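I opened this model to see how its parts are put together. My notes follow in the order in which I looked things up.

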Amino acid sequence: KKMASKIRVVLRPVKSIVVRFCPFESNVESTRKFLGCINHKKIQATNRNCEVTADVRHDGSEPLVDVMFADGERLIMKGANLTTIEMLTALGSRCNAKELMEEQKSKKKNP
Amino acid sequence: APALSAARLPLSTGWLPALQFVRRGSKAVTRHWKAMHFQRQKLMAVTEYVAPRPAVPPRCLTPRKERVEEEDNGYARLLRRQVEEVFRDNRMIAVCQYNSMPGEDMVLMRHYLRKHNIEVKFVLNEIVRPVLSQSKYKNLLPLFVARNILLVSPELKAKEMLRVLKGMPQINLLGACIDNTILSRQGVENLAKLPSLEVSQGQTVGALALLPSQMSSLLQRGSAHLTALLDEHIRRLQARETGSPAEPAPAQSSGTH
């Protein structure tokens, strides 16, 4: 229905993203697609300082997405039973919430 | 008051009819779109086609499984043949995940890899999967999800390949099939750390030759010790008998050693 590449995430409040998966497992498809979508030009353009690292292992561990925000918060998504769109929307909603908070803070500082 | 007394409505007293016919202007059949006559509009609205509703709405019925036909597309067949060729001809095949990369970086990467005789091939999963499932590389099947590229080469240049890929964060090495052995990323890194073939051959030969040489030196230790002692003894005897010209038997023992 909704294409995963159409979801736009603003990565400004994000400091780094680590995507860990084991490609020989069978439950990594959504995590790999998530990685592919995050590396899209437009999403990367929202924040050039955000480092996206892919950690390829072979120890049978489950796929994991570890997002570190600029204010120290950490979001861990276990992608074994999640779809790409769910992960993207979850990340997007949190980013938007943080953006709103920052805007409100800056407005309070400069009235 | 004077107009409304008669039954017929006379036109002269400022009464405009509801319908007005245009005397001049466009004809019935025009090249541009002409508004329909009001009666015709009403007729068209009334006689619009209403589709018959099925007895059971389609949502309630289980959807029919639309089997994707084999199609046996010539193009698909060609691609499949190419993939088979690739797997047969090359010793090293590395599978990497491809996240969208800017064009210049792509060209640069291709250039660097070409220098080491490594080719970059874009593959479609739906073509590669049937080829793999029929060949002996079944364990490579779970790798082919999402966008992938293949780096193929007839030579084993794991170190250079890793170096090139380290500079590209958008390409992630997932695994490789080197000399019909399936390796994970760790395996490829270990392979790159190994010394070259000549060095390892030399090391093996040295290790193999070490044991017999040790054995021979052990075996000869006894007799060598004996000859050394005898030589020393002879020298002392000679030193004592200064002036005796004849050299006795010790010449034989020194000869045998």
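**Entry 1: the sheet of chain B**

I began with the open sheet in chain B of this predicted model. I read five strands, in the order β2-β3-β1-β4-β5, and the pairing is antiparallel. Which strands stand at the edges? I found β2 (119-123) and β5 (181-184) of chain B there, each with a single partner strand, so one side of each has no neighbour in the sheet. I also noted the turn between neighbouring strands of this sheet, which is 25° on average when direction is ignored.

Next I looked at how β2(B) is held to its partner. I found five bridges joining β2(B) to strand β3 (residues 148-153) of chain B, and the two run antiparallel. As a landmark, I wrote down that B:Phe122 has B:Ile149 in β3(B) as its bridge partner.

**Entry 2: helix pairs in chain B**

Two packed helices are described by the angle between their axes and the distance between the axes. I kept to that for each pair.

For helix α2 (residues 74-89) and helix α4 (residues 125-134), both of chain B, I have an angle of about 55° with the axes 9 Å apart. The two helices, α2(B) and α4(B), are therefore oblique to each other. Their crossing is right-handed. Which residues of α2(B) meet α4(B)? I listed B:Ala76, B:Leu79, B:Arg80, B:Val83, B:Glu84 and B:Phe87. From α4(B), the residues they meet are B:Ile127, B:Val128, B:Val131 and B:Leu132. By class, I noted eight nonpolar, no polar and two charged residues in this contact.

I then turned to helix α5 (residues 158-166) and helix α6 (residues 185-193) of chain B, whose axes come within 8 Å and cross at roughly 120°. I put α5(B) and α6(B) down as oblique to each other, too. This crossing is left-handed. On the α5(B) side, B:Ala158, B:Lys159 and B:Leu162 make the contact. On the α6(B) side, I wrote down B:Val188, B:Glu189, B:Leu191 and B:Ala192. The residues of this contact divide into five nonpolar, no polar and two charged.

**Entry 3: the sheet of chain A**

Over in chain A, I found an open sheet of four strands in the order β2-β1-β3-β4, with mixed pairing. Its edge strands are β2 (51-56) and β4 (74-78) of chain A, each pairing on one side only. Here neighbouring strands are turned by 15° against each other on average, direction ignored.

How many bridges join β1 to β3 in chain A? I read six, between strand β1 (residues 14-21) and strand β3 (residues 64-69), which run antiparallel. Along that pair, A:Val19 stands opposite A:Val65 in β3(A).

**Entry 4: helix α1 of chain A**

I followed helix α1 (residues 29-38) of chain A and saw that it lies across β1, β2, β3 and β4 of chain A. The helix runs at about 145° to β1(A).

α1(A) also packs with helix α3 (residues 84-109) of chain A, at an angle of about 50° and with the axes 8 Å apart. That angle makes α1(A) oblique to α3(A). I noted a right-handed crossing for α1(A) and α3(A). From α1(A), the residues in this contact are A:Ser30, A:Thr31, A:Lys33, A:Phe34, A:Cys37 and A:Ile38. From α3(A), they meet A:Thr84, A:Met87, A:Leu88 and A:Leu91. I sorted the contact of α1(A) with α3(A) into six nonpolar, three polar and one charged residues.

**Entry 5: where the chains meet**

Last, I checked the interface. I have 16 residues of chain A in contact with 18 residues of chain B. The size of an interface is often given as the accessible area lost when the parts come together. For chain A and chain B the buried area is about 1,300 Å², with 59% of it on carbon and sulfur atoms. Which residues of chain A lose the most area to chain B? I found A:Phe24, A:Arg32 and A:Val56, which together make up 49% of what that side buries.

Terms used: Residues numbered from 1 in each chain as written. Chains lettered and ligands numbered in written order. Predicted model: local features only at pLDDT ≥ 70, side-chain atom pairs only at ≥ 80, totals over all residues. Heavy atoms only, no water. Axes fitted to C-alpha atoms, helices over the stretch in contact; angles between N-to-C directions. Parallel < 35°, antiparallel > 145°, perpendicular 65-115°, else oblique. Left-handed = near helix turned anticlockwise from the far one by under 90°. Contact = heavy atoms within 4.5 Å. Nonpolar A, V, L, I, M, F, W, Y, C, P; charged D, E, K, R; others polar. Pairing = 2+ DSSP bridges. Buried area = accessible area lost by both parts, 1.4 Å probe.
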